[in-house]
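Student: Could we go through this structure together, one question at a time? I should like each answer to show its reasoning before it ends on the value or name.

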Amino acid sequence: MKKITKEVYLKWYEDMLFWRKFEDKLAAVYIQQKVRGFLHLYNGQEAVLAGTLHAIDKEKDKLITAYRNHVQPIGMGVDPRRVMAELYGKGTGTSQGLGGSMHIFSKEHNFLGGHGIVGGQIPLGAGMAFADKFFKRDGVTLCYMGDGAVRQGSLHETFNLAMLWNLPVVFICENNGYAMGTSVARTSKEQEIWKLGLGFDMPCGPVDGMNPVKVAEAVYEAVERARSGGGPTFLEMKTYRYRGHSMSDAQHYRTKEEVEEYKKIDPITQVKDIILSKKYATKAAIEKIDKQVKDLVAECEKFAEDSPWPEKNVMYDTVYEQEDYPFLPHKL
């Protein structure tokens, strides 16, 4: 794995802060009804993505995840202005405004989507890995899911085939504790989710998902195992979300005191403290980064606000039509 240097820490700080502020801005414009539908924010879980990006090869490795998916494509290289525009439903968005919050997508940047069906991305991730193996490509697929998705039968079916076929895939559960709003303790007899891999003889283990260094180390080991023909790995990233499951979540299932306790190990604060303690940057330099992040978020918002709505024909151009379909009512 690449060394974790001063430059890496500074990049982690800037990236994670930008992702946090980007999501905060989305929350603000959602309240103004400029973004509609469901909105699931990543606040608190940034270390999982930061550590992952340090460990992979973005040129050939692919990411697929659920619907908490705004900042992952940005990390993979997608223009954040286009991501913001997609959430606004504008024509300049990543899917011309047709995907929205839960369906950011960029084939060009190896981000194969957010997916709205709980657990729906798990077999798709294994399928992407199967394609890499079939075509003898050197890529690895990283397939993310929440703790609620591991209750889906598709996970067990996928794990079985992934091990049987020795696919180059890393399954990552971002366990933020509550799924939609029900704790792991109330939904599973075994609360150590990573142990699900044991039933399939899959290498597996827990990871401190609030620490990008720990994430990077675990993901790198899993990715290299997959790339060298060693097959799948299942990692449980123990993390926490500071906001609700979605913007409509009243969060009655947890206390404000609990949230504040987890904020004491905020990944952004952890990285900032290391930067200052090791004198990687001065407070003035940190303040400069903070301003750059604020300005970029404002630029993304302006781009989305100023962008045009998609033409109506765009909606019809993306719908499949078979004129000679034999069972249409008017032909009966």
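Student: Against which elements do the buried residues of α10 pack?

Tutor: This is a predicted model, in which local features need pLDDT of at least 70 and side-chain atom pairs count only at pLDDT 80 or more, while totals for chains, interfaces and linings use all residues. Residues are numbered from 1 along each chain as its sequence is written, and side-chain values use heavy atoms, with hydrogens and water left out. Among the residues of α10 that are buried (under 20% relative accessible area, against over 50% for exposed and in between for partly exposed, with a 1.4 Å probe and protein chains only) are I286, V293 and E301. Taking contact as heavy atoms within 4.5 Å, the buried residues of α10 pack against α1, α4 (80-88) and α9 (267-277).

Student: How far does helix α10 reach from its first C-alpha to its last?

Tutor: Helices are DSSP runs of H or I with at least four residues, numbered from the N terminus, and α10 covers residues 283-306, 24 residues in total. The expected span is 1.5 Å times one less than the number of residues, which for α10 is 34 Å. Close to that expectation, the reach of α10 is 35 Å.

Student: Is R20 buried or exposed?

Tutor: R20 has its place in helix α1, and, leaving out residues up to four places away in sequence, it touches N43, G44, E46, Y242, D266, P267 and I268. Because its relative accessibility is 11%, R20 counts as buried.

Student: Which helix gives the largest share of the largest nonpolar core?

Tutor: A nonpolar core is a set of buried Ala, Val, Leu, Ile, Met, Phe, Trp, Tyr and Cys residues joined through side-chain atoms within 4.5 Å. The largest one has 60 residues, and W19, F22 and L142 are among those with the most contacts inside it. The largest share of this core, 13 residues, comes from helix α1 (residues 6-31).

Student: Which element gives the most to the lining of the largest pocket?

Tutor: A pocket is an open set of points on a 1 Å grid over the protein atoms alone, where a 1.4 Å probe fits, with protein on both sides within 12 Å along at least five of seven lines, and lining residues have an atom within 4 Å of a point. The largest pocket is lined by 22 residues, with K11, D15, L53, K58 and G75 nearest its centre. Two or more lining residues come from each of α1, α2 (46-55), α3 (71-75) and α10. With eight residues, the element that gives the most is α1.
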